[in-house]
Amino acid sequence: MGLENLQHNFLTGTLEGMVKWARASSSWGANFGLACCAIEMMASGAANHDLARFGMEVFRASPRQADVMIVAGRVSQKMAPVLRQVYDQMMEPKWVISMGVCASTGGMFNNYAIVQGVDQVVPVDVYAPGCPPAPETLIHAIVTLHQKIRLGQITRRPGEGAGLHLAEPPRPLHLGAPA
């Protein structure tokens, strides 16, 4: 009888298991509210739904302090580079929740101005369906993400969205200076 049959507890647990538990229990959200879904995202942080029980009581304004990006609402073509820049500024490990039909597929806005799915810009880990999804749907997506983190199903990223990387802005031209 070896130690492999022993049930793990907090004394005999693996370091990997403890890291997964800590990551899942203390994930902070970077809110990226773009439309009506953002109202439901804010409601999920209110007292009636209490995201604090999942370790997500604080939505961070700085992407460097967040590890879960919640994209709520439709993403326009002009906003896609900004979304990607915020995602690139987040520290690893980082995860993305696509909240609402507009963020996931473009919704009813099937035109040139709206990105037809945020997964074309950033890799999405969990989709929260609805128009707009209720706070309970977002909480279910958060619980699903926490489950994936604890089980280790999210260790590698298969893709990085559409590979949208921001180029350096062109240098301004000064009048009278040689080019």
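## Overall layout

Helices (DSSP runs of H or I, at least four residues) and strands (DSSP runs of E, at least two) are numbered here from the N terminus. This is a predicted model, in which local features need pLDDT of at least 70, side-chain atom pairs count only at pLDDT 80 or more, and totals for chains, interfaces and linings use all residues. Residues are numbered from 1 along each chain as its sequence is written, and side-chain values use heavy atoms, with hydrogens and water left out.

The protein has five helices and five strands. Walk along the sequence and you will meet them in the pattern α-β-α-β-β-α-β-α-β-α. Of the 179 residues, 36% count as buried; buried means under 20% relative accessible area, exposed means over 50%, and partly exposed is in between (1.4 Å probe, protein chains only). The protein exposes about 11,000 Å², with carbon and sulfur atoms supplying 58% of that area; the areas come from the Shrake-Rupley method with a 1.4 Å probe, and for residues only the protein chains shown count as cover.

Contact means heavy atoms within 4.5 Å. Among contacts between residues at least 6 apart in sequence, 77% join residues at least 24 apart.

## Two nonpolar cores

A nonpolar core is a set of buried Ala, Val, Leu, Ile, Met, Phe, Trp, Tyr and Cys residues joined through side-chain atoms within 4.5 Å. The largest one here has 20 residues, and Ile70, Ile97, Met99, Leu138 and Leu145 have the most contacts inside it. At least two residues of this core come from each of α2 (37–44), β3 (68–72), β4 (95–99), β5 (126–128) and α5 (135–151). Helix α5 gives the most, with six residues. There is also a second, separate core of 16 residues, which includes Ala80, Val115, Val118 and Val122.

Met99 is a good residue to click on in the largest core. Leaving aside neighbours within four places in sequence, Met99 is in contact with Cys37, Glu40, Met41, Ile70, Val71, Ala72, Gly73, Ala128, Pro133 and Leu138.

## Helix α3 and the loop after it

Which residues of α3 are buried? They are Ala80, Leu83, Arg84, Val86 and Tyr87. These residues cover an arc of only 160° around the axis, so they lie on the same side of α3; the arc is that of the directions from the helix axis to the C-beta atoms. Their cover includes β1 (29–33), β3 and β4.

The loop between α3 (80–89) and β4 holds Pro93, and Met90 lies in that loop too. Met90 counts as buried because its relative accessibility is 3%. With residues up to four places away in sequence set aside, Met90 contacts Pro63, Ala66, Asp67, Val68, Met69 and Trp95. The C-alpha atoms of Met90 and Ala30 are separated by 8.8 Å, although their places lie 60 residues apart along the chain.

Asp67, one of those partners of Met90, lies in the loop between β2 (59–60) and β3. Asp67 is buried, because its relative accessible area is 16%. Outside its neighbours up to four places away, Asp67 touches Ser26, Ser27, Trp28, Met90, Pro93, Lys94 and Trp95.

## Cis peptide bonds

Most residues other than glycine have a negative phi, and most peptide bonds are trans. Here, a cis peptide bond joins Glu92 and Pro93, with omega about -10°. The bond from Cys131 to Pro132 is also cis, with omega near -20°; Pro132 is found in the loop between β5 and α5.

## Charges over rings

A charge sits over a ring if NZ of Lys or CZ of Arg is within 6 Å of the ring centre and within 35 degrees of the ring normal. The charged end of Lys94 sits over the ring of Tyr87, 4.1 Å from its centre. Likewise, the charged end of Arg74 sits over the ring of Phe109, 4.8 Å from its centre.

## Two partly exposed residues

Gly107 is in the loop between α4 (101–105) and β5, and counts as partly exposed because its relative accessibility is 27%. Apart from neighbours within four places, Gly107 contacts Val101 and Cys102.

Met18 is in helix α1 (residues 15–25) and, at 44% relative accessibility, counts as partly exposed. The C-alpha atoms of Met18 and Arg150, 132 residues apart along the chain, are separated by 9.1 Å.
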